[in-house]
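Let's take a friendly tour of the salt bridges in this protein chain. Here are the sequence and the structure to follow along.

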Amino acid sequence: MASAASSPRFAFRSEGYAWSVVAILCFGSVVSMLERQVINLLVEPLKVDLGISDTQISLLQGFAFAIFYAAMALPIGRIIDAKSRIGVIVWGTLIFSAATFFCGLATSFFMLALFRTLVGVGEATLVPSGMSLLGDYFPPEKLGRAVGLFIGSTYAGSGLALIAIGAVLGWLAEHPDFALPVIGVARDWQVAFMLAALPGFLFVALMWLVKEPPRSAPSGEAVGEAVPLSETFGFIGANLPRVIPIFLGIPLLAAANFAMNAWVPSFFIRTYGWEASAIGPVFGLMVILCGTGGTVVGGVISDWLAKRGTAQPGLLVPVVSALLAAPFVIAFPLAGSSAASLWLLVPAMFFGAMPFGAGTAGIVAFAPNRMRGQMVAIYMLIATLIGTGGGPWVIAMWTDSVLGDPMLIRWSIAVVASALFVGGAAIISTGLRRRG
């Protein structure tokens, strides 16, 4: 086979070029997560310099992101279907990279919240545009691997963000008088935001190397033809027993993961006295290895179970893995030593990531072809609001409003994150009671 595809409609470019597009999109995913996750290592200095609470920090970590996505997900999806997807990615990247840079110039919570909201452009443009591009670059028999690499690169991006920003903060600690052009001497958190923005402009340059592929659809279906949104919601309403486990259960598991990613660095800083420059590289490496490994293993196990005739493997794997994660999520923050916490965090993160290699594929499995895009958009909207927005916030609220002491963050993680895993597993398990 000389080309990337076994169908004539994919013969307009080589397989090597198609995989180079995957590599560029993966780099963009890493960049997006870098600009999104940088704030997780800056919690303590932001609280001091801007006088903000854990709850306000959680809004900057999650809800500021989710607000933009909630408002713009479907409109941007329609633009992606009608206009240049490369153009959407380029403009989206320019906006969220500029917004990340200006986060470093914020002087109040409200200014920082505004710029963090604009960072949400990256979430709303890159993933749906990239998925659409890959659908036209790869035939069905190779699309899974391409999409898997693209989506899986988010874990690499989260981990590399922690490693890179941790290294930057360590270097800045040794050079306290480091000055930026025009701005002059800046606080460490300001420099971190500004430096995190720079790779986005490199990604924009790389995107100009990507050619917009012809849009195509299988079986002679009209390109761009889609059912009305009302019909999609009607289909969801008629299939709630199949929809709820995925559209509500999986986002709760995502909330548990986002909660840990957001607050584990602060847990080690507050509980064990670690510096951000120290926990960043360690936790970042764990995110890369455990997050990516768990996702891949979850998908492999799901496929293996399906071949053996196991019913609903895409739901069974998330239920079992979430229940396996929960005890370790309780244990690691209460372990009593940093070494024990790190060792217990490994299985918590590995099992916690396994559901995402299996569960969401169920959307494609039962959704009619002409409403799959809208179904995915609606799922991502719910997952962003519950997972990205709710996860970090609910832990902060428990710390501020229930415990009343930021030094008790370990109890918030143990109670809230484990409850999210168990609750998500319970909802997903309702789908196991039906056949097919």
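D49 has a relative accessible area of 31%, so it falls between the 20% and 50% cut-offs and counts as partly exposed. Its partner in this predicted model is R187, and the two side chains meet in a salt bridge with N and O 2.8 Å apart. R187 is partly exposed as well, at 49% relative accessibility. The bridge ties together distant parts of the chain: D49 sits in helix α2 (residues 43-50), while R187 lies in the loop between β2 (184-185) and α7 (188-207), 138 residues apart.

A further long-range link joins R85 and E212, whose side chains form a salt bridge at 2.7 Å, N to O. Here R85 belongs to helix α4 (residues 85-103), and E212 to the loop between α7 and α8 (229-238), with 127 residues separating them. What is the burial state of each partner? R85 is buried, because its relative accessibility of 0% is under 20%. E212, at 33%, is partly exposed.

Next comes K47, which bridges to D54 with the closest N and O atoms 2.8 Å apart. Both of these residues are buried. They also take part in something wider: salt bridges with shared partners connect E44, K47, D54 and R270 into one network.

The pairs described above, side by side:

| Salt bridge | N to O distance |
|---|---|
| K47 and D54 | 2.8 Å |
| D49 and R187 | 2.8 Å |
| R85 and E212 | 2.7 Å |

In total, the model holds 5 salt bridges.

Terms used:
Residues numbered from 1 in each chain as written. Predicted model: local features only at pLDDT ≥ 70, side-chain atom pairs only at ≥ 80, totals over all residues. Heavy atoms only, no water. Salt bridge = Lys/Arg side-chain N within 4 Å of Asp/Glu carboxyl O. Buried < 20%, exposed > 50% of the residue type's maximum accessible area, 1.4 Å probe, protein only. Helix = DSSP H or I, 4+ residues; strand = E, 2+ residues; numbered from the N terminus.
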